[in-house]
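This report describes selected local features of a molecular structure, shown below. Headings separate the topics.

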Amino acid sequence: DTIKIAYIDPLSGPFAPVGQNILNSFQYVADEANAKSWAGAHKFEIVGFDNKGSPQESLSVLKTVIDKGFRYITQGNGSGVGLALLDAVNKYNERNPGKEIVYLNHAAVDPDMTNSKCSFWHFRFDANSDMKMEALTTYMAQDKNIKKVYIIGQNYSFGHQVTRAAKEYLARKRPDVQIVGDDLHPIGQVKDFSPYIAKIKASGADTVITGNWGADLALLIKAAKDADLKANFYTYYGATTGVPTAMGAAGQDRVKYVGYWNANNETFAGKDVVEGFKAKYKDDYYSMATYTIVAAMAQAVKQAKSIEPKDVALALENAKIKSLNGEDVMRKSDHQLQQPLYIATWVKVNGKDVKFDQENTGLGWKTNQKIDAFVATQPTSCQMKRPG
Amino acid sequence: MTTFSLELKEVRKSFGKSEIIRGASLQVPKGERFAIIGPNGAGKSTLFNLISGRFPISSGDILLNGESTTKLRPFEINRRGLSRSFQITNIFHRLSVYENLRCAVLWSLGYKYSFWHRLGGLKDAHERAEAVLEQIGLKRRRDITAGLLTYAEQRALEIGITIAGGADVILLDEPTAGMSRSESDMAVELIRKVTVGKTLLMVEHDMSVVFGLADKIAVVVYGEVIACDTPVNIRNNQKVKDAYLGGHAPVEA
Amino acid sequence: MTNTLKYKPLNLARWIIWTGFAVMLIVAPLIFNKGGSLSLLSQMGTVMIFGLSYNMLLGQGGMLSFGHAVYSGLGAFFAIHMMNLVTNGAVNFPITLIPLIGGLAGMAFGVLFGYVTTKKSGTTFSMITLGIVELVFACSLMFPSFFGGEGGISTNRVIGQSFMGITYGPQIQVYYLIALWLFVSTIGMYAFTQTPLGRLANAVRDNPERVEFIGYDTQWVRYLTLILSAFFAGISGGLSAINFEIVSAENVSALRSGSVLLFTFIGGVGFFFGPMIGAVIGIFLSVMLSDFTKAWQLYLGVFFIAMVMFAPGGIASILMMNLRVAKFGLFKRIWSSMWKIVLVSVVALAGCVIAVEMLYQRTLDSTQGPVISLFGVSVDTSQPTPWIVAVLLIAVGGWGFTRCKVVFMQKWGEVNTEIEDQMRRAQA
Amino acid sequence: MSALLEIKDLNAYYGKSHVLHGVDLVVNQGEIVSLLGRNGVGRSTTVKATMGQVNASGSIRFKGEEIIGLKAFQIAHKGLGYVPENRDIFPTLTVEQNLILGEKSGKKSRWSLNDMYKMFPRLKERQHTAAGVLSGGEQQMLTLCRTLMGDPDLIMIDEPTEGLAPKIVELVAEYLKELKNRGISVLLVEQKLAIALEISQRLYVMGHGSIVFEGSPADLKANENIRKEWLEV
Amino acid sequence: MEFTLITLLNGVSYGLLLFMLSSGLTLIFSMMGVLNFAHASFYMLGAYFAYGISVKIGFWPALFISPMLVGLLGALVERYGLRSVHKYGHIPELLFTFGLSFVIVELVQLVWGRSTVPYPIPASLDGPLFTLYTTTFPMYRGFMMLVALLMLLSIYLLLTRTRIGLVIQAALTHPDTVEALGHNVPRVFMLVFGGGCALAGLAGVVGGNAFVTEPGMAATLGSIIFVVVVVGGMGSLAGAFVASLLIGVIQTYAVALDYSFMSLLAKIGTQVTPTTPGYPLLSLTIAQTAPILPYLLLVLILIFRPKGLLGTREG
Ligand SMILES: Nc1ncnc2c1ncn2[C@@H]1O[C@H](COP(=O)(O)OP(=O)(O)OP(=O)(O)O)[C@@H](O)[C@H]1O
Ligand SMILES: Nc1ncnc2c1ncn2[C@@H]1O[C@H](COP(=O)(O)OP(=O)(O)OP(=O)(O)O)[C@@H](O)[C@H]1O
Ligand SMILES: CC(C)C[C@H](N)C(=O)O
Ligand SMILES: [Mg+2]
Ligand SMILES: [Mg+2]
């Protein structure tokens, strides 16, 4: 049979580049899975639907894809949308027993989705923002040069979560570090970050933590360079489409990111995918969750011997999945994947530990540290209602 | 002291630095027809604009039926029974002739801003509009969009809108401008008919109209009323001749 | 925008039209019962109310607003908060009447904002509305507790016990709820056009200055019209809250306001029912087209431009012109040239669509391989043949169009002159 | 005397309605010619068609050149001036700016702003006022002067005396004569018979979109029939 | 002190970029009465053209060629699109440009793709212009300011030394009459629209690499430039200039101020906690309100001074 997965993310508008890249990633991995029969006789089909980046539009798309017979959806670009979809999926499943759908979350990282708002029908394959912050602060804790930290983020749920976690975790791990300021700016609207940079500069910060993504990150770093701000940037999304180009050499040695994978990892696991993807799409493969999701689904349908969402969901619980960052576990209690995390720095490609560049800039991400899953793991407050 | 329909007391009006109306005074008794004449730019239309509340006055006082109106806005003055027409046609060009008139009668019939009455059910408004339509001779053009009327018809409609509300003080600004002789004769008839028993104030350059219609003539020069008298006396007034009529008085009369 | 509401059917005709409308609303979901069309119909219904309420401002009152979404959006927010209160058991209120909450909230904000905006008219009015909508939109991110931030506020419409099996869970029940409100609101708004205030709104649109001299305060006329319009906008907002079960900042955005302007304009502001046509087309284009093609924004843009350039009266005016021709029994005179021009346009259009789709394939989706499926046929864009076909279609269609257009315009002109002559004679 | 403007068999249309049915008309160098007729017979249309503002066919020769089909601004540059009937002043511009707009680029005019102000001192008083607030009569003066600023050889004036005080009407008549003395030809569309009779050399009377009478003022005075049938009701 | 000065400089230079964009819009808006919703799209085109050209033959030629191209395109749009819509009035004109903005974004993506293009600052302008205390002020920002000022000067000369402005204003109400006076109105309209677009294009060339060149760049600047034009006073170039600077500086400073009612109340000894009624409003900092300030300004200006700061006429 065909496992049809609807990819509901922005394919037009300002966030389209990232959405398109991830859709391509999914399709690339699905092709490979189909060619190598990961799921036995079952085939994957992943179809992109444009939600124009809006929660409301996403719900309308959700209706459409359900009408078209999709039983699996995947989404990730924006926790706002993610929360809305989660809610809608729950409601739909409640009203339509026997016709349930499953939501495979590839990047929406608001911790609430696996805590207070957790659901049996939702699985998150990215690490949530608390886990990333845990890893990031663990890494930062080792650096004695960090004295003053400034936190800047986009004004929406995810940005808020980052700010909160950064303060909490730094206080726990490095009480000596001073938080010299925090700022939330409107998402996707700021053209000129120089006033923020001036503020950061005035605060005397040596380190900046930001969850910004897309143009918000690129512009931030550019403005920092213009004003000669000598601070390091700890980011979540330095590797996403558009940022490397915009950053260019300006971010060299100064920008780091935390993520569940890095193309230049210790063993270059996933090298084939990166190269194959580049050959096919002339673009960089960075959204490794696509790989994990397809692999996990393949494994689950084989185990459940069914492609019925409810069975597959049950099989996914506690599944051990071999992915490109090692063996990951889908925690049963909250459906949050437990996986290692990487910290990497933006440097010149050197052919040794930094082989792959991004967006043909000649710069790539050098792995600083791989942080094991157990380090980053977080407790959950999830009280999941399982189908009877 | 009898109250006049309309009384101007030392009215002054300046636009920026230039004073256009320089202490005009005038008393119009009830039921009389007044014509205002004067050179171009003397301030006749401005005077109308002040009386009807389109512009605020700078100083002085204007009394309508004995009450001051200087602080009121145009629609408030209208509600107290003064209605005016415009020198440059000012109608609702995308509504039909009938609708133009029906709009004009609504307030006076007390419908205010109602959105709970059905227009079609307002018999009184309908009858009033039809009556005015008859009076101004546009019965056959009833459902034509007003913007498509000929010039003369539009002028007639202009007058129609002005009188429809049943105001008892009526101001007409050059009602026959641009009309041919015969058309303006008809217009004079119309005006005579519809202003019976009302107070009329009218600006005109066409002397045959002025002398044909007016009980009294006021002459405005440089923002002042320099004379106000019966037509016969005005015709023979040297000051008026110099300022306005020129060599041969009413040529076309 | 000319002859607003000149169309006055007989009372009998009016009864027929309204009954027909009701019947249409009832049977629509039975006819369009393919997957997804139900939610499409529901959306169309809400947007129809929204468009009609917008046209109270634009078509009737001549007020070009860039911020109408403020009223529908805030209406939607209040409606959804009300629903959540009901869910929490804080109050008891039937879902069926939730749109009323939206309407009242919309109205309340109409009272508030309208007081400021309707002080002015013309461009100043438009600009203030633009400012207000941007303000409200920006506020929506500053007060996440009310607006729900970027993710919006969600709700569950299945609350309280079911009444005669109506839970509003299934979409079809929601559709009929929307249809009911649509019917009632449409009657309400149509009735408004036939009231003294409605007529004065026309007068203010045509000539605000003169209105002051027939005893009316133009500002009040505008203000009251806006309040009523905001009420209906709020109803549509409330319905969309029920329909989507989510309301987010975009509901109060300039973009949403812009799209209602576009839809209404495309439908035709000159006729009462214009916005309804606009809603159908607008929703169809923006929801359906994006499923079929990646180039939907291009098509949408080009379609708008073409409408504006060639049919500024909107679809409604095209329709009415043709109806008029038909009524005078002259349709057969233009029919032959009309179908020809439609045919060649379709040919040219097909060529353009093929070319655009292939172009998209070559540039944006080049990575997906050269083969695409067009109208159910798979086409290899790396081969010259489909390109030649496309160019040929465009060339033939375009050439045919220029030829046919001359003939058609001439016939069209003749027929319409004749009609106008007849009408004039009838009046003279 | 040579024909400056020669109109032959002019037909004009508003959309589909045929307004002029073969108008023939000649204006010679240095002549004032009046075009009379009842309201709506097509006098303004004749002038507008000559100016290229109305869809027209036939022949219009100006200084020997065919000008039908040319754009209005091209016709203006050939030396034809037009004073429209409904006081088409530019309301947002000042009096002076209105006048400046009358000048044509790249052409030296024989009239200056000061000449205009001398002609109508009232305009000088109001020179920095927005033209939209001028009194009706002042606006009329302004349109006339504005066209003169462009230094036309033939000026076509549509109802210049509408709304003017009797005294000013006389003044305008004087100025038209003055123009003629300076070698400028005038085609005058008038309602007021008295003036037309007084200042023009020749007169045309129009009826139903074509010329029904041509002759001198004396001829017209003598011809009771024409006056009865075509000018009065 | 450092902070204040550098923020001021930032504000001014951002304001000047806004001015570059809005000057063209003011020109078109005030003269032709067209609310050009596609104006920011032309700005985007300027940036993309400049990117395309500078890749081939360098930045400096692009600085001239790109605005020319955009201007030409604008002229064509006027000639074959707007002109035929003009007779229907302002709303259709506005909608035309609205639709156009959709089309332009799509075409740009067709040609250049959906993601950011690497349009770099030329090497000769890359680097600090001067250092203020410890903060460097980039040379490119200085260049931007220079271009904006030159632009202001040349438009000013154009408007005061020629009659174009008068012709267009007059043609707005009485196009036939203006033509009868010997002015080629359609051509003037075309020139003005093209010119306005060229200005937007120039802003794009300069702004595209100062910030990012991506398909979304038009949408984000779109409404703010309307604010500038209206606040400044429709039709007033000087007004647009003042308003640009004002909005640039206000927004920049607002970002820097972390004060709220709460902190004010704290100063006078009242503690506000999350349970205090109105907490969301009280705890809002000025920095957070930065995005609404321009619109607030717009609404206030329109209510209290509908002509705009330096405007001369209403509506
Ligand atoms: N709003 C205004 N601002 C400045 N000046 C004005 C304004 N309104 C009128 N004026 C001036 O006031 C004077 C009187 O104008 P008004 O229209 O009252 O004249 P009028 O007597 O009606 O003349 P006409 O017979 O020519 O119509 C004119 O010189 C005019 O320019
Ligand atoms: N724009 C137009 N569209 C359609 N018909 C028009 C238009 N302008 C004028 N007409 C018609 O053309 C005919 C001639 O009009 P024209 O303006 O030339 O008359 P006129 O002799 O100048 O009369 P008037 O004394 O009213 O100025 C009239 O019947 C008029 O209704
Ligand atoms: C795609 C990601 C940048 C989305 C982001 N992590 C969020 O949760 O909102
Ligand atoms: Mg007057
Ligand atoms: Mg005429």
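## Magnesium site

Ser45(B), through OG, and Gln87(B), through OE1, are the protein donors of the magnesium ion (ligand 4), at 1.9 to 2.3 Å from it; donors are N, O and S atoms within 2.8 Å of the metal (3.2 Å for Na, K and Ca), and sites may look incomplete because water is not among the atoms. The two residues are 42 apart and link distant parts of the chain: Ser45(B) lies in helix H1 (residues 44-51) of chain B, and Gln87(B) in the loop between strand E6 (82-84) and helix H3 (97-106). Helices (H or I, at least four residues) and strands (E, at least two) are DSSP runs, numbered from the N terminus.

Ser45(B) counts as partly exposed because its relative accessibility is 22%, whereas Gln87(B), at 13%, counts as buried. Buried means under 20% relative accessible area, exposed over 50%, and partly exposed in between (1.4 Å probe, protein chains only).

## Basis of the model

The model is predicted: local features need pLDDT of at least 70, side-chain atom pairs count only at pLDDT 80 or more, and totals for chains, interfaces and linings use all residues. Residues are numbered from 1 along each chain as its sequence is written, chains are lettered from A and ligands numbered from 1 in the order in which they are written, and side-chain values use heavy atoms, with hydrogens and water left out.

## Disulfide

Cys118(A) and Cys382(A) are joined by a disulfide, S to S 1.9 Å (a pair of cysteine sulfur atoms within 2.5 Å). Cys118(A) is buried at 13%, and Cys382(A) is buried at 14%.
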